Amino acid sequence: MNDQINLVSVLSMIVKRWWILVVSTVLMGSIFFTVTEVFIPEKYTSVGKLLVRHSATRIAEDGNIPAESINTLNAAARLLNTYTEIFKTNTFFNKIAADSGTAYSANQLKGMVTYSSLNETEVLQVEVLCTDKIEARQLCELILDNAQSEVERIGSGGSVIVVDEATTPTSPTSPNKTLNTILGILLGAVLGAVIIFIIELLDTRVKNEDDLVSKFDLPILGVIPDLESAMTRGGK
């Protein structure tokens, strides 16, 4: 029996049952789009920025930093990591939750807020991801506004200033409907091809002389004619 399967035979299988591939592709693409549209809530991101400064840092009138303040910049870089951890504490988020007037708990807010250092500088970016664009901006504003008072409460010898106010998001950050739909289409195409392949493998019937040669690699000595079809064509 000839069990060899090459690219040509696979393509022949797909072309033979092309409708399965089309139905599977359209169906999975539609399912992914519908799930994304109906069941996954849109989320918005508000962004703000803080600059971390050491208390000893001085900036000259011309905008240059004096040589004696260079070391304080290194200290500010270390303070950035410290402040990031401070702004992740339960104490800080409990205050934000209380001031926000929303039903979000401190733990919920922790999952909504992301802190990141921009390009290894002393600028700390604050991102708030929320299902409501207005709440996202308000929560980001609260974090920016309470950052300095929290630093003063800790008394770590530094300060933070707001360099970018919280933005009001205009479009959702997630979900990505286009990407999800494309993933559904690709998955549907793969699934359709697998279904076609399985059907062909399970179909061991010999329907004509070509199947006999391809499946068993045996020579054909003769073919029994279909007399009924011949009589029908002959009008008898």
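Which residues of α7 are buried? They are Asn180, Thr181, Gly184, Gly188, Gly192, Ile196 and Glu200. This is a predicted model, and helix α7 is a good place to enter it.

Start with the helix itself. Helix α7 runs over residues 177-202 and has 26 residues. From its first C-alpha to its last it reaches 37 Å, close to the 38 Å expected at 1.5 Å a residue. The cover over its buried residues includes α1 (7-16) and α2 (18-39).

Now look at where α7 begins. Asn176 caps the N-terminal end of the helix. A side-chain oxygen of Asn176 lies 3.3 Å from the backbone nitrogen of Thr178. Just ahead of the cap comes a cis peptide bond, from Ser174 to Pro175, with omega near 0°. Pro175 sits in the loop between β4 (158-164) and α7.

Lys177 takes us to another part of the chain. Its salt-bridge partner is Glu42, and the closest N and O atoms are 3.4 Å apart. Lys177 lies in helix α7 and Glu42 in the loop between α2 and β1 (44-54), so the pair ties together parts that are 135 residues apart in sequence. Is each partner buried, exposed or partly exposed? Lys177 counts as partly exposed because its relative accessibility is 27%. Glu42 also counts as partly exposed, at 30% relative accessibility. Glu37 joins in as well: Glu37, Glu42 and Lys177 are linked in a network of salt bridges.

Step back to the whole chain for a moment. The chain has nine helices and four strands. Read along the sequence, they follow the pattern α-α-β-α-α-α-β-β-α-β-α-α-α. There are 236 residues, and 31% of them count as buried. Take the contacts in the chain with a separation of 6 or more: residues 24 or more positions apart account for 71% of them. The chain exposes about 15100 Å², and carbon and sulfur atoms supply 59% of that area.

Return to α2, which helps to cover α7. Thr25 has its place in this helix. Which residues does Thr25 touch, not counting those up to four places away in sequence? They are Ile185, Gly188 and Ala189. Gly188 is one of the buried residues of α7. Thr25 counts as buried too, because its relative accessibility is 17% and the cut-off for buried is under 20%. Its side chain also has a partner: a polar atom there lies 2.7 Å from the backbone oxygen of Leu21.

Other residues in this part of the chain face outward. Trp18, Trp19, Val22, Val23, Val26, Leu27, Ile31, Val35, Val38, Phe39 and Ile40 form a nonpolar patch on the surface. Together they have about 1100 Å² of accessible area. Phe39, one of the patch residues, is found in helix α2. Phe39 is exposed, with a relative accessible area of 64%.

Next, the salt bridges. How many does the structure hold? It holds seven. The link between Lys177 and Glu42 is one of them. Another joins Arg153 and Glu150, at 2.6 Å from N to O. Arg153 and Glu150 are three residues apart in helix α6 (residues 133-154), so about one helical turn separates them. An α-helix has 3.6 residues a turn, so residues three or four places apart point the same way. What of their surroundings? Arg153 counts as exposed, at 52% relative accessibility. Glu150 counts as buried, at 4%.

Lys88 and Glu85 form a further salt bridge, at 4.0 Å from N to O. Lys88 is partly exposed, with a relative accessible area of 38%. Glu85 is partly exposed as well, with 49%.

One last stop is helix α3 (residues 70-86), which holds Leu79. Is Leu79 buried or exposed? Leu79 is buried, because its relative accessible area is 9%. Compare its distance from Arg53 in sequence and in space. The two residues are 26 positions apart in sequence. Their C-alpha atoms are 8.0 Å apart.

Key. Residues numbered from 1 in each chain as written. Predicted model: local features only at pLDDT ≥ 70, side-chain atom pairs only at ≥ 80, totals over all residues. Heavy atoms only, no water. Helix = DSSP H or I, 4+ residues; strand = E, 2+ residues; numbered from the N terminus. Expected span 1.5 Å × (residues − 1). Buried < 20%, exposed > 50% of the residue type's maximum accessible area, 1.4 Å probe, protein only. Contact = heavy atoms within 4.5 Å. Polar contact = N/O pair within 3.5 Å; in protein donor to acceptor, adjacent residues only side chain to side chain. Salt bridge = Lys/Arg side-chain N within 4 Å of Asp/Glu carboxyl O. Patch = residues over 30% accessible without salt bridge, like charges linked within 9 Å, V, L, I, M, F, W, Y side chains within 5 Å. Areas by Shrake-Rupley, 256 points an atom, 1.4 Å probe, with all protein chains shown as cover.
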